[in-house]
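Student: I have a model open on my screen and would like to learn how to read it. Could you walk me through some features?

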Amino acid sequence: MDWAEYDRWNRALADVLFPEVEVPVPVYLDLEGEKLEEVASALGIEARHVESALAEVVRETAGPPRHRFRPHAIRYTQWRQKDAMDVPPPILPVLGVFSLAAERMAAGDGMSSQNYFGRLAELIGGQPDELAPGYREVAERLWGGLNAWLVRLGGRRGLPTASSVSFRYVGLSLSQALVRQADRDRLGRFFAEFDLQPRSEVPPAELVPLLRAWIESEPTSATSHLVTIWRKGGLEERVAEIAATALAQWDGALTDAAGEGLRAKVQLGLEVTTFPRRACRVTPFFRVPRPEEPRSVTLRGADGDVEVRLVPAHPGAARLEEPGLVDAENLLEGRLEIVDPVAGTVARNPRRFVVFRRDPMTERWLETRQVTLGDTIMALATDDALKRASQILAQVARPGWQAVKDLPGLPQGWTLIRDVEILSRPRDAIGEAHEFSVLTPITSASLRLEGGLALPGLQRSCWHSAYPPEVRAVSDAGVGVTIRLLDQSDAAIDEPGRRRSSEELGSWSDDGAGAVVVDLRAVDLGDGSYAVEMLEGEALRARVDFMLASASTPDELGWRRAEEIIHGTGNPLSAVCVDEDEEPHGTLVQGVPLDEGGLRPVMATDGPAAAPWWSRREDDEHSPAVRLARPAPGSCFYTGNHYIELPVAMYDSRGRPVESTSRGRCRDCGIEKTYSASYYKNARAYERRRRREVGFFVDVHRAPRVRDTQRGPSGDTWDLALDALRYAGGGDAGLLRRVARQIDSGALFLHLFTSILEGLGHIEVRRSPETLDIVAWEVAPTSVVDCGSRRTLVGYWNDDLVEVLEEGCARYGRRVGRETHPSGPTVLSTDATEDELLEWLEIDGVLLSGRAGLTLARSLPALSEVLAALPRIEVPRVIEARWFDPAGAAWQVTSSLDSPGAYAIGRYEKRYFVRAPEDIERGTAAVVDVYLAKHAAAMLLAGRPLLAYRPDVRELVVPLGANLPGLYQRAALLDSGSVPDERDGHRVYRDVAPDVASQISQLLGR
């Protein structure tokens, strides 16, 4: 056996098909086009000989007829035992041959399109019936090995895609090469046209009718190769499996080729927040070509055109740079129209009933025009539409949905309908009220894992073990639904073909209802790997693999990939967590001070004010938003009656329709409806509706009531979120945002969430010098901080480490205390002294940091040094801005930025600037965040810090919404050891020592 040549091929395939990448993307073991040319070049052969040469090298290393691939599996086992992840697994050539056989299934040559082993025999010789057992012996092990290698590398060489449900063995190879990369790219167009949710799990059989409608339409946007495969017959379900896998990986973006010709559209987004109070917000998104390119567009207003800018939002969409320019009432009741230099005119007409579905990637709720079984949705309905919407939801939705009126941000005459889970089809005909057809699912079965706390990181389908998801299985086939829960933590293949079976942890049946809902919190699952399978009758319909984890089983790759962030206080910008120095100097800070190398002299001072010197006032209201044109009085928005305009149907010389369908569009709201171009088909459809022929309907009333998804931030959710970050280790701002948005989707909570965790020293962050936005974060090292009467635990402390501390405290007569707080995580502390901990605490690497708050306070620069060091920009042009008045701790409307102070621009997503006297002379400004803006304004305009200190109760007080900025707050919180309170319009830092309060006051006042 020539293993040297085999290994040369293995290295070449790894370098070409799985190169190292900055941004993880799905990767396939598929030899076609440019990839095939690159492999040929790497091996020094002609491209036309690659397939035959690859087959030859596998044939030369194969085993006996019925165990042809066992030698490859044995070498894979040996590779695994070495645990050398940087060396590609020695399975790529044999898997490449498996993929080539799958690709040839689309060919003719007189062989059945379903004959996989006949194609495999053509490549490496032998009889198909002899190859089959040898293939099945190793297929799951080797394809699983490729997936595991890619996962272990954390996406550095791409994301795994080899999977199959309906075709256990052959489906793994088909998932890689039956369709080409151009076909996969075009599947994004299919997902977009049918409004399928990115990253969603849809059973492959449910995609078959949708793919048929897309591929067989005239004209179709599918590739000619995909059309050819589909028309061969027998491959529909296999194509659907590939499409299901692609949908689970799709991020919503389209390639240029896939997006060409796709009509641009406006899509509303809905945000429902609970912090600082319950409220809702509606914003527009624009599905336009090249959404990643910022550009100016024209917004058509009722009072004239307005020039606005589009900026990137989420994959595949752009948004207004100032989303609050158009308020919710105008967005819902007016015609939103822009003229884009790329897409032309893009418009949305108002509708009485609007449905929103959660995007799992961004945690945004986005408008959708159709739902699938199992979807969780929210909706907005006018008073006129509410009654009919409620009647339909009573038939299709799980009990427990709520209709909410009088919510801040919700226009008068509208109702928010939340906590809706679609489990069935409407029993009554929708009729001509087409806006409610969105509640008719386009699929007939679903297996979903929803809710819980999804953990951040590259590992998809991973939840926190203390707050796992619900399993929801639903089918209207009427044959009975069963869920099986499997423990896969110990399931593995030890030797070729020998698998230890997954342990079944439980099964649940629908008892004839058509739906099963299982709350995994009640099953008491620990960290590990699991799977749920959905059976219709005895047939396996869908399967979802998932993981439960916590900080006790951290994401090793996330921790390895996380950037180490250390600030040096010798750089003034380190005070706001901006560091551009390659070698930090001064006192080094990573959660807590690591040394005392940058201590500054204690300032002589009379001390801060003993009582708040500001008089709190309300912020000024914004001026009216841009008004949009309203529909005519007789339109469907007011009457509910749609006027569908249909194109003239064209017929050939024999009277047959040229096109099989005709697509009508309401002239008022733009809603679309497809009709058959055949009179006889339309007549039969009408007759079926008239007779109301019905089959099986899911009994939604037998399902348990929905979970309350609008609890809002609380102490236990803060603890879960912090543990989720400790699991991940670190990453970019998107990972941090993903965790925060699962607690509350608002920007205000995100600011508070990062401010508190950063201030307590649990995480370290790095901010952009240009915007002060967080660009990276990491969990701080395991530390103990002296807070006077107690020592608090800071940074990475998982349950196992806390248990070690508790056991030590119990042995030496000490204890571990827990202080809960509704606006922050539980503070863990001990009454053991540092000397005692140093003597008996058995935790490697723990940092005993002493009075870290005082050390940090004495190492920080004055606020004026920070402002002077910030980069400058030209003063932006504004129509309206707001200026911060320190005496009233409030924002006032202004039309000019010509005076020193702090300014805010925007309505919802605000940008903040500070202008010192020298900035007025130079025409410049410094970009800051909201907290720095307010404290800078107090220093510049009032000449004093925006704080007060009550020495009798050791409380440092600032206005609510004016948290101490950056490391100044961390100094206070490390000394306090407590989450700050919200009290009487103030943020109160409890138990701050006088020396720390005095030092912070001096720094912020000059």
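Tutor: Happy to; we will take confidence, then helices, then some single residues.

Student: Where should I begin, and what is the average pLDDT of the chain?

Tutor: Begin with confidence, since this is a predicted model. The chain averages a pLDDT of 88, and 92% of the residues score at least 70.

Student: Over which residues does pLDDT stay under 50?

Tutor: Where pLDDT is low, the predicted coordinates should not be read in detail. Here that applies to residues 491–500, where pLDDT stays under 50. The model does have 19 contacts beyond four places in sequence for that stretch.

Student: On to helices. At what angle do α21 and α28 pack?

Tutor: Look at the angle between the axes and at their separation. Helix α21 (residues 747–759) and helix α28 (residues 966–976) meet at about 55 degrees, and their axes are 8 Å apart. That angle is why α21 counts as oblique to α28. On the α21 side, the contact is made by Ser755, Ile756, Glu758 and Gly759; α28 contributes Gly966, Gln969, Arg970, Leu973 and Leu974. By type, the residues of this contact divide into three nonpolar, four polar and two charged.

Student: Is helix α8 mostly covered or exposed, and what does it pack against?

Tutor: Helix α8 (residues 170–177) is mostly covered, with eight of its eight residues buried. Among them are Val170, Leu172, Ser175 and Gln176. These buried residues pack against α5 (92–103), α6 (116–124), α7 (128–152), α9 (181–193) and α12 (236–249).

Student: How do I read a single residue, say Ile417: buried or exposed?

Tutor: Check its element, its accessibility and its neighbours. Ile417 sits in strand β12 (residues 414–421) and is buried, with a relative accessible area of 0%. Leaving aside residues up to four places away in sequence, Ile417 touches several others, including Phe353, Met378, Leu386, Trp401 and Gln402. Gln402 is 15 residues away along the chain, yet the C-alpha atoms of Ile417 and Gln402 are separated by 5.6 Å.

Student: Which residues does Thr273 touch?

Tutor: Thr273, in strand β1 (residues 265–273), touches Arg278, Ala279, Asp744, Ser745 and Gly746, again not counting residues up to four places away in sequence. Thr273 counts as buried because its relative accessibility is 10%, and the cut-off for buried is under 20%.

Student: And where is Asp732?

Tutor: Asp732 is in the loop between β29 (730–731) and α20 (733–741). At 43% relative accessibility, Asp732 counts as partly exposed. A polar atom of the Asp732 side chain lies 3.1 Å from the backbone nitrogen of Leu735. Beyond four places in sequence, Asp732 touches Val775, Ala776 and Trp777.

Student: What about backbone geometry: which peptide bond is cis, and which residues have a positive phi?

Tutor: Most residues other than glycine have a negative phi, and most peptide bonds are trans. The bond from Phe275 to Pro276 is cis, with omega near -5 degrees, and Pro276 lies in the loop between β1 and β2 (279–287). Ala889 has a phi near 45 degrees; Ala889 is in the loop between β38 (881–885) and β39 (890–894) and is buried, at 2% relative accessible area. Asp991 has a phi near 55 degrees. Asp991 belongs to the loop between β46 (986–989) and α29 (994–1004), and is partly exposed at 27%.

How values were computed:
Residues numbered from 1 in each chain as written. Predicted model: local features only at pLDDT ≥ 70, side-chain atom pairs only at ≥ 80, totals over all residues. Heavy atoms only, no water. pLDDT = per-residue confidence, 0-100. Contact = heavy atoms within 4.5 Å. Axes fitted to C-alpha atoms, helices over the stretch in contact; angles between N-to-C directions. Helix = DSSP H or I, 4+ residues; strand = E, 2+ residues; numbered from the N terminus. Parallel < 35°, antiparallel > 145°, perpendicular 65-115°, else oblique. Nonpolar A, V, L, I, M, F, W, Y, C, P; charged D, E, K, R; others polar. Buried < 20%, exposed > 50% of the residue type's maximum accessible area, 1.4 Å probe, protein only. Polar contact = N/O pair within 3.5 Å; in protein donor to acceptor, adjacent residues only side chain to side chain.
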